[in-house]
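Student: I have a structure open in front of me and would like to learn how to read its features. Could you walk me through a few?

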Amino acid sequence: MKFVIAQMQHETNTFSPVPTPWEEFGPKGPYLGRDAFDAMKGKGMAMAAFMDLAEKVGAEVATPVAAWANPSGPVDGNAYDRICDAICNDVAKGCDAVLLDLHGAMVVADRTDDGEGTLLEKIRAIAPRTPIAVSLDLHANVTARMVKNCDIITGYKTYPHIDQYESGELAGAILMRMMKGEVKPVMAWGNAPILAQTLRQNTAEGGMKAFVEAAREAQRQGLLAATAFGGFQMADIHDAGISAVTVADANKAAATSACNRMLDVAWMHKEDFIYRGQPLEQAIAQAKRMGEQSGGPILLLDHADNCASGSTQDTMYVLREALRQGLTSIAVAPIRDPEAVAKLIEAGIGAKVTLPVGGKMDMPSIRRKGEPLTLTGVVRNITDGEYTITGPQFTGMRCFMGRTVVFDTGTALVVISERNQEPWDRGVYESVGIDPTRQRYLLLKSRMYFRPVFLPIAKGMVYCDAPGVSSSDWTEFDYRKLRRPIYPLDENFANGRQVAA
Ligand SMILES: [Zn+2]
């Protein structure tokens, strides 16, 4: 037996000005061939689960590519072609099954609004009868083309994501049973007209918890798989938003009715998926009180500038307001500003420097120019920005912030990096010599990934609403391609769901 196993993951924020070239899909571009195998082996990802399965059943594997990039603007067309060609070439050589670790929200410049569906269609055309199993992210914007061109779809059931491996394991297990002739998977897919905000998709609470629980219930009642997809709202594409995919054994009606039941649950909780915040001044004042009472750390969450949702990670609004209100002992990690990094490295450790930090990128989709903040401070540390994740999400993955500087203004330790990096692990601080537990405030450009890592060491948290291309204020964005009507953009609905035949 021979399996083709590959990863292609990108969550495209179509409002983001951050480019997504080939190089962003790994330390120097995607891992290819044997390097892809070595990079993914033993990791907490779906692709690793596929490789473990192959080993268990004694199948030979081809791992053409493992490509994972931070969310950002539409993917470069040539980069996408190269990734697809790598996978399709191995499929064309002949194989017994294809197992793919995909995100499900990839938009490609000048090519397609449905990167995954288009890839699956290409693979199907090459190998029409080869079984294809796919694991998707909980934030997948699922399309009819994806469902039509594969046999099995599973997805994560946690956000923050800690079950990527389990999703791959489930897809692989169904595929094996299918290949042995024990089951005949049939899928149903449908969406609810809800543009859910990622900030309201924590699977531990509210509507998303209920939606995921409905999926688990469907599985307990005998479906092979059922997944509640929150979707990714920062994408102006037709199919953005909430959907569900079910996999039943040879019983289309069972798949469809379970899918409908799940979507009804989502619709019932529609208000839960919409975030309502408070003005920035108020949020910082609240954080200040909490920090003074408890000693900290208090988390200041600059969620609208979260690079894991495609933001520039260089806006300075929250830090500016925190400094204006006199907060001290703030550690900021990290701000992306390669220009400032170069200047500070040139000045050297111990040098006192005044320079504009952050605000280098304009955000035309929300009609904003970059606004740097001029800071004076001392260069405390310079590193290569590399560390290995020790926390519970993406465990063991090597991270590359690019050259990184700690800039000490006296009241704030500002970590400035060359590359975007979600603060999803203590490594963003510890790798540059900062102990996050000893700071009063931790300013994190994060919306959800901070939870399993920083909540346990925090005395409190405050969401700070500021401008950014991952804002949860949907009125900031001009949607043109999105399916309508959709909640909360529209008010009138005939019913709460549309299930595809
Ligand atoms: Zn996700």
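Tutor: Let's take a helix pair, a loop residue and some backbone oddities in turn. This is a predicted model, where local features need pLDDT of at least 70, side-chain atom pairs count only at pLDDT 80 or more, and totals for chains, interfaces and linings use all residues. Residues are numbered from 1 along each chain as its sequence is written.

Student: At what angle do α9 and α10 pack?

Tutor: Helices here are DSSP runs (H or I, at least four residues; strands are E, at least two), numbered from the N terminus. Axes are lines fitted to C-alpha atoms, for helices over the stretch in contact, with angles from 0 to 180 degrees between N-to-C directions. Helix α9 (residues 280-294) and helix α10 (residues 317-324) pack at about 55 degrees, their axes 10 Å apart. The pair is therefore oblique (under 35 degrees is roughly parallel, over 145 roughly antiparallel, 65 to 115 roughly perpendicular, the rest oblique).

Student: Which residues of α9 and α10 meet?

Tutor: Contact means that C-beta atoms, placed from the backbone, lie within 7 Å. From α9 come Leu280, Glu281 and Ile284, which meet Tyr317, Val318, Glu321 and Ala322 of α10. That contact divides into five nonpolar, no polar and two charged residues (Ala, Val, Leu, Ile, Met, Phe, Trp, Tyr, Cys and Pro are nonpolar, Asp, Glu, Lys and Arg charged, the others, Gly among them, polar).

Student: Where is Tyr275 found, and what does Tyr275 touch?

Tutor: Tyr275 is in the loop between α8 (252-268) and α9. Leaving out residues up to four places away in sequence, Tyr275 touches Gln197, Leu199, Arg200 and Ser472. For burial, count other C-beta atoms within 10 Å, again placed from the backbone: 20 or more is buried, 12 or fewer exposed, in between partly exposed. Tyr275 has 19 such neighbours, so it counts as partly exposed.

Student: What about the backbone oddities?

Tutor: Most residues other than glycine have a negative phi, and most peptide bonds are trans. Asp110 has a positive phi of about 60 degrees although it is not a glycine; it lies in the loop between β5 (97-102) and α4 (115-126). With 9 other C-beta atoms within 10 Å, Asp110 is exposed. Ala250, not a glycine either, has a positive phi of about 60 degrees, and its 10 C-beta neighbours inside 10 Å make Ala250 exposed.

Student: Which peptide bond near Pro485 is cis?

Tutor: The one joining Arg484 and Pro485, with omega about 0 degrees. Pro485 lies in the loop between β20 (460-463) and β21 (498-499). The Tyr487 to Pro488 bond is cis, with omega near 10 degrees, and Pro488 is found in the loop between β20 and β21.

Conventions. Two residues are in contact if their C-beta atoms, placed from the backbone, lie within 7 Å.
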